[in-house]
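Visitor: I would like to take a close look at a single part of this protein, and then to see how that part sits within the rest of the model. Please take your time over it.

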Amino acid sequence: MLSFNISDIFKSDSVEHIGIFCLVILLAVLLKRYLSKIISKLLYLLFKKYAKSNYLKHFELSIFPPLQGFLVALFLFFAFLRVDSLIDKVVIYKRVINKGTAEETIKQLTLVEFIDSVFYLVLIIYFVWLVVRMVDFMFYVAIQKVEAHNDRERRQLYPLLRDVIKVVI
């Protein structure tokens with residue numbers, strides 16, 4: 001059940017909010033690659049002391065997709081925050097609990113609440129994917145070091161330990 005007044009959207013402050021919404025989405029699309037590259041290089045500096053060799057390209061390739069997705073989802077979330085006053089009155093679902101009694105309550109789900117919940121879920125998924133990719137990178141470096149030293153026990157143990165940590169995450 002959708003209920004809102006269409007004339008509310010075309011007020012002057014509403015047009016400003018929609019313009020900022022479009023601008024933030026445009027910035028998200030244009031800047032996701034550059035911001036991902038900068039953030040991945042900063043994150044690599046944290047892992048560089050453990051990786052003596054140059055693994056930057058492998059690190060960037062492994063965390064680029066989740067990092068770009070996380071940044072775009074974050075930008076979209078901030079864009080929707082600009083227009084939430086416009087869509088706050090849109091009710092998606094309305095339910096009456098204990099109808100006809102003294103304790104009758106009305107529960108409703110607005111479009112803003114639904115969008116917030118979806119964005120929180122998407123941000124959590126991308127963040128977990130990013131952490132899993134960083135764990136993969138740490139174990140990739142560790143396995144490369146073990147193979148250089150020809151240590152059979154650790155070469156078998158590290159992939160198993162990596163998978164256990166990924167399951168826990």
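Visitor: Which residues form a nonpolar patch on the surface, and how much accessible area do they have together?

Guide: This is a predicted model, and what follows should be read with that in mind. The nonpolar patch on the surface is formed by Leu 23, Leu 26, Leu 27, Leu 30, Leu 31 and Tyr 34, which together have about 580 Å² of accessible area. One of these residues, Leu 30, lies in helix H1, the helix that spans residues 12–47. To be counted in such a patch, a residue needs over 30% relative accessible area and must take part in no salt bridge.

For the setting of the patch, the whole protein exposes about 11,600 Å², of which carbon and sulfur atoms supply 66%. Of its 169 residues, 27% count as buried. The fold has five helices and two strands, and from the N terminus on these elements run α-α-α-β-β-α-α. Among the contacts with a separation of 6 or more, 63% are made by residues 24 or more positions apart.

Helix H1 also carries a charged link to another helix, for the side chains of Lys 37 and Glu 60 meet in a salt bridge with an N to O distance of 3.8 Å. This pair links distant parts of the chain, with Lys 37 in helix H1 and Glu 60 in helix H2 (residues 56–82), 23 residues apart. The two partners differ in their cover: Lys 37 is partly exposed, with a relative accessible area of 34%, whereas Glu 60 is buried, at 7%.

A search of the whole structure finds three salt bridges, and another of them joins the side chains of Lys 166 and Asp 136, 3.3 Å from N to O. Because Lys 166 lies in helix H5 (residues 152–168) and Asp 136 in helix H4 (residues 111–149), this pair ties together parts that are 30 residues apart in sequence. Lys 166 is partly exposed, with a relative accessible area of 29%, and Asp 136 is partly exposed as well, at 21%. A further salt bridge is made by the side chains of Asp 163 and Arg 162, at 3.6 Å from N to O; Asp 163 counts as partly exposed at 36% relative accessibility, and Arg 162 is partly exposed at 22%.

Turning to the rings, the structure holds 13 aromatic pairs, among them Phe 59 and Phe 137, which are edge-to-face, with 4.7 Å centre to centre and 65° between the planes. Phe 59 lies in helix H2 and Phe 137 in helix H4, so this pair ties together parts that are 78 residues apart in sequence, and both Phe 59 and Phe 137 are buried. The rings of Phe 70 and Phe 127 have their centres 6.5 Å apart and their planes at 50°, so that pair is tilted. Phe 70 lies in helix H2 and Phe 127 in helix H4, and the pair therefore ties together parts that are 57 residues apart in sequence. Phe 127 counts as partly exposed, at 47% relative accessibility. Finally, one aromatic cluster is formed by Phe 21, Phe 77, Phe 78, Phe 80, Phe 119 and Tyr 120.

Key
Residues are numbered from 1 along each chain as its sequence is written. This is a predicted model: local features need pLDDT of at least 70, side-chain atom pairs count only at pLDDT 80 or more; totals for chains, interfaces and linings use all residues. Side-chain values use heavy atoms; hydrogens and water are left out. A salt bridge is a side-chain nitrogen of Lys or Arg within 4 Å of a carboxyl oxygen of Asp or Glu. Helices (H or I, at least four residues) and strands (E, at least two) are DSSP runs, numbered from the N terminus. Buried means under 20% relative accessible area, exposed over 50%, partly exposed in between (1.4 Å probe, protein chains only). Rings of Phe, Tyr and Trp (its six-membered ring) pair if their centres lie within 6.5 Å; planes under 30 degrees apart count as stacked, over 60 as edge-to-face and the rest as tilted. Patches are made of residues with over 30% relative accessible area and no salt bridge: like charges are joined within 9 Å, nonpolar side chains (Val, Leu, Ile, Met, Phe, Trp, Tyr) within 5 Å. Accessible areas come from the Shrake-Rupley method with a 1.4 Å probe; for residues, only the protein chains shown count as cover. Contact means heavy atoms within 4.5 Å.
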